[in-house]
Amino acid sequence: MFTPTQKQFKLIKAGLFVAALLPFLRLVVFVFLDRLGANPVEFITRNTGDWTLYFLCITLAVTPLRRLTNWIWLVKLRRMEGLFAFFYAALHFTTFLWFDHAFDVAEMWKDVLKRPFITVGFIAFVLLIPLAATSTNAMIKRLGAKTWQRLHKLVYGIACLGILHFWWMKAAKHNFEQPIIFGTIVGVLLLMRVYWAVAARAKKRGAVAGVPARQRAVAE
Ligand code: HEM
(Lines give C-alpha, C1' and ligand atoms only; values in the text may rest on other atoms or scores of the structure.)
Protein backbone atom coordinates (compact mmCIF):
# COMPACT_ATOMS: atom_id res chain seq x y z
CA MET A 1 0.00 0.00 0.00
CA PHE A 2 1.38 3.41 -0.99
CA THR A 3 1.39 5.98 1.81
CA PRO A 4 3.18 9.23 0.97
CA THR A 5 5.36 11.01 3.48
CA GLN A 6 4.19 14.47 4.54
CA LYS A 7 6.54 16.04 2.00
CA GLN A 8 5.35 13.76 -0.82
CA PHE A 9 1.71 14.45 0.09
CA LYS A 10 2.32 18.20 -0.06
CA LEU A 11 3.90 17.76 -3.51
CA ILE A 12 0.97 15.63 -4.76
CA LYS A 13 -1.51 18.19 -3.46
CA ALA A 14 0.37 21.12 -5.01
CA GLY A 15 0.64 19.23 -8.34
CA LEU A 16 -3.09 18.52 -8.35
CA PHE A 17 -3.86 22.14 -7.46
CA VAL A 18 -1.85 23.41 -10.43
CA ALA A 19 -3.37 20.74 -12.72
CA ALA A 20 -6.88 21.76 -11.63
CA LEU A 21 -6.11 25.40 -12.43
CA LEU A 22 -4.82 24.61 -15.94
CA PRO A 23 -8.26 24.63 -17.67
CA PHE A 24 -8.87 28.11 -16.23
CA LEU A 25 -5.40 29.35 -17.23
CA ARG A 26 -5.96 27.90 -20.72
CA LEU A 27 -9.17 29.93 -21.01
CA VAL A 28 -7.37 33.11 -19.88
CA VAL A 29 -4.59 32.54 -22.45
CA PHE A 30 -7.20 31.88 -25.17
CA VAL A 31 -8.96 35.15 -24.29
CA PHE A 32 -5.70 37.11 -24.68
CA LEU A 33 -4.72 35.30 -27.90
CA ASP A 34 -8.25 35.73 -29.28
CA ARG A 35 -8.56 32.00 -29.81
CA LEU A 36 -12.07 31.42 -28.49
CA GLY A 37 -13.54 30.84 -31.95
CA ALA A 38 -16.55 32.37 -33.65
CA ASN A 39 -18.69 32.26 -30.49
CA PRO A 40 -16.49 33.07 -27.47
CA VAL A 41 -19.37 33.09 -24.96
CA GLU A 42 -20.48 29.62 -26.04
CA PHE A 43 -16.86 28.42 -25.86
CA ILE A 44 -16.39 29.67 -22.29
CA THR A 45 -19.85 28.53 -21.12
CA ARG A 46 -19.42 25.03 -22.50
CA ASN A 47 -15.81 24.71 -21.33
CA THR A 48 -16.57 25.75 -17.75
CA GLY A 49 -19.72 23.55 -17.76
CA ASP A 50 -17.62 20.55 -18.83
CA TRP A 51 -15.02 21.18 -16.13
CA THR A 52 -17.70 21.53 -13.44
CA LEU A 53 -18.94 18.08 -14.38
CA TYR A 54 -15.40 16.60 -14.54
CA PHE A 55 -14.61 17.87 -11.05
CA LEU A 56 -17.92 16.62 -9.67
CA CYS A 57 -17.05 13.16 -11.04
CA ILE A 58 -13.48 13.35 -9.64
CA THR A 59 -14.85 14.37 -6.22
CA LEU A 60 -17.32 11.48 -6.26
CA ALA A 61 -14.58 9.04 -7.31
CA VAL A 62 -12.36 9.78 -4.28
CA THR A 63 -14.14 7.56 -1.75
CA PRO A 64 -14.55 4.52 -4.06
CA LEU A 65 -10.89 4.88 -5.06
CA ARG A 66 -9.86 5.07 -1.40
CA ARG A 67 -11.82 1.92 -0.64
CA LEU A 68 -10.46 0.01 -3.61
CA THR A 69 -6.81 1.00 -3.09
CA ASN A 70 -6.78 1.44 0.70
CA TRP A 71 -5.06 4.80 0.09
CA ILE A 72 -6.69 6.58 3.03
CA TRP A 73 -4.77 9.80 2.34
CA LEU A 74 -6.83 10.31 -0.85
CA VAL A 75 -9.68 11.61 1.33
CA LYS A 76 -7.55 14.61 2.26
CA LEU A 77 -7.68 15.69 -1.40
CA ARG A 78 -11.47 15.49 -1.73
CA ARG A 79 -12.20 18.95 -0.34
CA MET A 80 -9.87 20.58 -2.89
CA GLU A 81 -11.51 18.69 -5.79
CA GLY A 82 -14.98 19.65 -4.56
CA LEU A 83 -13.99 23.30 -4.25
CA PHE A 84 -12.68 23.23 -7.84
CA ALA A 85 -16.08 21.89 -8.96
CA PHE A 86 -17.61 24.91 -7.24
CA PHE A 87 -15.00 27.25 -8.75
CA TYR A 88 -15.76 26.11 -12.32
CA ALA A 89 -19.53 26.16 -11.63
CA ALA A 90 -19.19 29.77 -10.38
CA LEU A 91 -17.26 30.70 -13.56
CA HIS A 92 -19.91 28.93 -15.66
CA PHE A 93 -22.74 30.80 -13.93
CA THR A 94 -20.87 34.13 -14.01
CA THR A 95 -20.31 33.76 -17.78
CA PHE A 96 -24.05 33.23 -18.19
CA LEU A 97 -24.98 36.18 -15.95
CA TRP A 98 -22.36 38.48 -17.45
CA PHE A 99 -22.32 37.77 -21.18
CA ASP A 100 -25.85 36.44 -21.72
CA HIS A 101 -27.59 38.90 -19.38
CA ALA A 102 -25.16 41.78 -18.71
CA PHE A 103 -25.67 41.30 -14.93
CA ASP A 104 -29.40 42.05 -15.28
CA VAL A 105 -30.64 39.73 -12.53
CA ALA A 106 -34.35 40.16 -13.44
CA GLU A 107 -33.63 39.14 -17.06
CA MET A 108 -31.54 36.23 -15.86
CA TRP A 109 -34.40 35.02 -13.64
CA LYS A 110 -36.78 35.09 -16.60
CA ASP A 111 -34.35 32.91 -18.57
CA VAL A 112 -33.79 30.54 -15.63
CA LEU A 113 -37.56 30.05 -15.30
CA LYS A 114 -38.24 29.87 -19.05
CA ARG A 115 -35.69 27.24 -20.11
CA PRO A 116 -35.96 24.00 -18.10
CA PHE A 117 -32.35 22.92 -18.76
CA ILE A 118 -31.15 26.19 -17.22
CA THR A 119 -33.59 25.81 -14.29
CA VAL A 120 -32.00 22.44 -13.51
CA GLY A 121 -28.42 23.80 -13.85
CA PHE A 122 -29.33 26.71 -11.59
CA ILE A 123 -30.74 24.40 -8.90
CA ALA A 124 -27.53 22.32 -9.06
CA PHE A 125 -25.42 25.45 -8.62
CA VAL A 126 -27.50 26.75 -5.70
CA LEU A 127 -27.16 23.37 -3.98
CA LEU A 128 -23.39 23.50 -4.38
CA ILE A 129 -23.19 26.75 -2.38
CA PRO A 130 -23.90 25.26 1.09
CA LEU A 131 -21.42 22.48 0.38
CA ALA A 132 -18.66 24.94 -0.50
CA ALA A 133 -19.60 27.15 2.47
CA THR A 134 -19.36 24.24 4.92
CA SER A 135 -16.15 22.76 3.56
CA THR A 136 -13.89 24.11 6.32
CA ASN A 137 -12.79 22.16 9.39
CA ALA A 138 -14.47 24.77 11.60
CA MET A 139 -17.82 24.13 9.86
CA ILE A 140 -17.43 20.35 10.21
CA LYS A 141 -16.92 20.88 13.94
CA ARG A 142 -19.84 23.29 14.19
CA LEU A 143 -22.29 21.04 12.32
CA GLY A 144 -21.06 17.77 13.81
CA ALA A 145 -19.56 15.03 11.63
CA LYS A 146 -22.87 13.17 11.11
CA THR A 147 -24.89 16.22 9.97
CA TRP A 148 -21.99 17.39 7.83
CA GLN A 149 -21.74 13.98 6.13
CA ARG A 150 -25.49 13.88 5.54
CA LEU A 151 -25.41 17.37 4.02
CA HIS A 152 -22.48 16.52 1.76
CA LYS A 153 -24.28 13.49 0.33
CA LEU A 154 -26.13 16.17 -1.65
CA VAL A 155 -23.21 16.05 -4.07
CA TYR A 156 -24.72 12.92 -5.68
CA GLY A 157 -27.98 14.78 -6.31
CA ILE A 158 -26.02 17.74 -7.68
CA ALA A 159 -24.11 15.51 -10.12
CA CYS A 160 -27.41 13.92 -11.27
CA LEU A 161 -28.91 17.40 -11.81
CA GLY A 162 -25.76 18.41 -13.73
CA ILE A 163 -26.18 15.42 -16.03
CA LEU A 164 -29.89 16.12 -16.49
CA HIS A 165 -28.95 19.74 -17.39
CA PHE A 166 -26.42 18.46 -19.95
CA TRP A 167 -28.86 15.86 -21.30
CA TRP A 168 -31.63 18.43 -21.74
CA MET A 169 -29.27 20.80 -23.52
CA LYS A 170 -28.11 18.06 -25.91
CA ALA A 171 -31.70 16.80 -26.44
CA ALA A 172 -32.32 19.70 -28.84
CA LYS A 173 -29.83 18.08 -31.23
CA HIS A 174 -30.53 14.45 -30.25
CA ASN A 175 -26.87 14.13 -29.29
CA PHE A 176 -26.83 12.05 -26.11
CA GLU A 177 -23.40 10.44 -26.33
CA GLN A 178 -21.61 12.59 -23.72
CA PRO A 179 -24.48 12.79 -21.21
CA ILE A 180 -24.73 8.97 -21.40
CA ILE A 181 -20.98 8.62 -20.65
CA PHE A 182 -21.18 10.98 -17.64
CA GLY A 183 -24.46 9.42 -16.49
CA THR A 184 -22.84 5.98 -16.53
CA ILE A 185 -19.81 7.19 -14.56
CA VAL A 186 -21.95 8.83 -11.86
CA GLY A 187 -24.34 5.83 -11.85
CA VAL A 188 -21.48 3.35 -11.27
CA LEU A 189 -19.95 5.51 -8.50
CA LEU A 190 -23.35 5.84 -6.82
CA LEU A 191 -24.05 2.09 -7.08
CA MET A 192 -20.66 1.32 -5.48
CA ARG A 193 -21.54 3.56 -2.53
CA VAL A 194 -25.00 1.99 -2.19
CA TYR A 195 -23.50 -1.52 -2.33
CA TRP A 196 -20.93 -0.71 0.40
CA ALA A 197 -23.56 1.00 2.58
CA VAL A 198 -25.93 -2.00 2.30
CA ALA A 199 -23.07 -4.47 2.97
CA ALA A 200 -21.95 -2.47 6.05
CA ARG A 201 -25.51 -2.37 7.40
CA ALA A 202 -25.95 -6.12 6.85
CA LYS A 203 -22.62 -6.79 8.60
CA LYS A 204 -23.64 -4.59 11.54
CA ARG A 205 -27.04 -6.30 11.78
CA GLY A 206 -25.32 -9.69 11.64
CA ALA A 207 -22.94 -8.69 14.43
CA VAL A 208 -25.77 -7.40 16.64
CA ALA A 209 -27.86 -10.54 16.03
CA GLY A 210 -24.78 -12.67 16.69
CA VAL A 211 -24.09 -11.33 20.19
CA PRO A 212 -27.06 -12.83 22.09
CA ALA A 213 -26.67 -16.10 20.14
CA ARG A 214 -23.06 -16.45 21.27
CA GLN A 215 -23.94 -15.39 24.81
CA ARG A 216 -26.69 -18.03 24.83
CA ALA A 217 -24.23 -20.67 23.63
CA VAL A 218 -21.76 -19.75 26.39
CA ALA A 219 -24.52 -19.91 29.01
CA GLU A 220 -25.59 -23.34 27.81
C1 HEM B 1 -23.49 22.09 -11.07
C2 HEM B 1 -23.94 22.95 -11.96
C3 HEM B 1 -23.78 22.84 -13.46
C4 HEM B 1 -23.17 21.88 -14.24
C5 HEM B 1 -22.49 20.59 -13.79
C6 HEM B 1 -23.28 22.33 -15.62
C7 HEM B 1 -22.77 21.64 -16.70
C8 HEM B 1 -22.92 22.03 -18.01
C9 HEM B 1 -22.43 21.29 -19.13
C10 HEM B 1 -21.65 19.99 -19.05
C11 HEM B 1 -22.75 21.99 -20.24
C12 HEM B 1 -22.48 21.57 -21.69
C13 HEM B 1 -21.08 21.80 -22.12
C14 HEM B 1 -20.84 21.21 -23.50
O15 HEM B 1 -21.64 21.38 -24.40
O16 HEM B 1 -19.78 20.56 -23.67
C17 HEM B 1 -23.45 23.17 -19.83
C18 HEM B 1 -23.95 24.14 -20.69
C19 HEM B 1 -24.61 25.25 -20.29
N20 HEM B 1 -24.98 25.56 -19.01
FE21 HEM B 1 -24.48 24.55 -17.34
N22 HEM B 1 -23.96 23.51 -15.65
C23 HEM B 1 -24.27 23.86 -14.36
C24 HEM B 1 -24.93 25.00 -13.94
C25 HEM B 1 -25.41 25.97 -14.79
C26 HEM B 1 -26.03 27.20 -14.36
C27 HEM B 1 -26.20 27.65 -12.92
C28 HEM B 1 -26.39 27.88 -15.48
C29 HEM B 1 -27.05 29.19 -15.59
C30 HEM B 1 -27.92 29.65 -14.74
C31 HEM B 1 -25.98 27.08 -16.63
C32 HEM B 1 -26.16 27.44 -17.95
C33 HEM B 1 -25.65 26.77 -19.04
C34 HEM B 1 -25.72 27.23 -20.40
C35 HEM B 1 -26.36 28.54 -20.87
C36 HEM B 1 -25.06 26.29 -21.19
C37 HEM B 1 -24.71 26.36 -22.67
C38 HEM B 1 -25.84 26.11 -23.56
C39 HEM B 1 -25.43 26.27 -25.00
O40 HEM B 1 -24.28 26.58 -25.30
O41 HEM B 1 -26.30 26.10 -25.82
N42 HEM B 1 -25.39 25.92 -16.17
N43 HEM B 1 -23.54 23.18 -18.47
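I count a residue as near the ligand if its C-beta atom, placed from the backbone, lies within 6 Å of it. Note to self: this is a predicted model.

**Ligand shell.** I looked up what sits around the ligand and got 23 residues, with Gly49, Gly121, Ala124, Phe125 and Gly162 the closest. Next I checked which helices they come from. I found at least two residues each from α2, α3, α5 and α8, and α2 gives the most, seven. Then I sorted the shell by residue type: 13 are nonpolar, seven polar and three charged.

**Nonpolar core.** I moved on to the largest nonpolar core, which has 27 residues. Leu56, Ala85, Tyr88, Ala89 and Leu128 touch the most other members. I traced the core to its helices: α2 (40-69), α3 (78-100), α5 (116-133), α8 (154-171) and α9 (177-219) each put in at least two residues. The largest share is from α3, with eight residues.

**Leu56.** I picked Leu56 for a closer look. Leaving out residues up to four places away in sequence, I have Leu56 touching Ala85, Val155, Ile158, Ala159 and Gly162. I had already met Gly162 among the residues closest to the ligand.

**Trp98.** Is Trp98 buried or exposed? I first placed Trp98 in helix α3. I get 13 other C-beta atoms within 10 Å of Trp98, so I log this residue as partly exposed; buried would need 20 or more, and exposed 12 or fewer. I also checked Trp98 against Val41, 57 residues apart along the chain: their C-alpha atoms are separated by 9.7 Å.

Notes: Residues numbered from 1 in each chain as written. Predicted model: local features only at pLDDT ≥ 70, side-chain atom pairs only at ≥ 80, totals over all residues. Core = buried A, V, L, I, M, F, W, Y, C linked by C-beta atoms within 7 Å. Helix = DSSP H or I, 4+ residues; strand = E, 2+ residues; numbered from the N terminus. Contact = placed C-beta atoms within 7 Å. Nonpolar A, V, L, I, M, F, W, Y, C, P; charged D, E, K, R; others polar.
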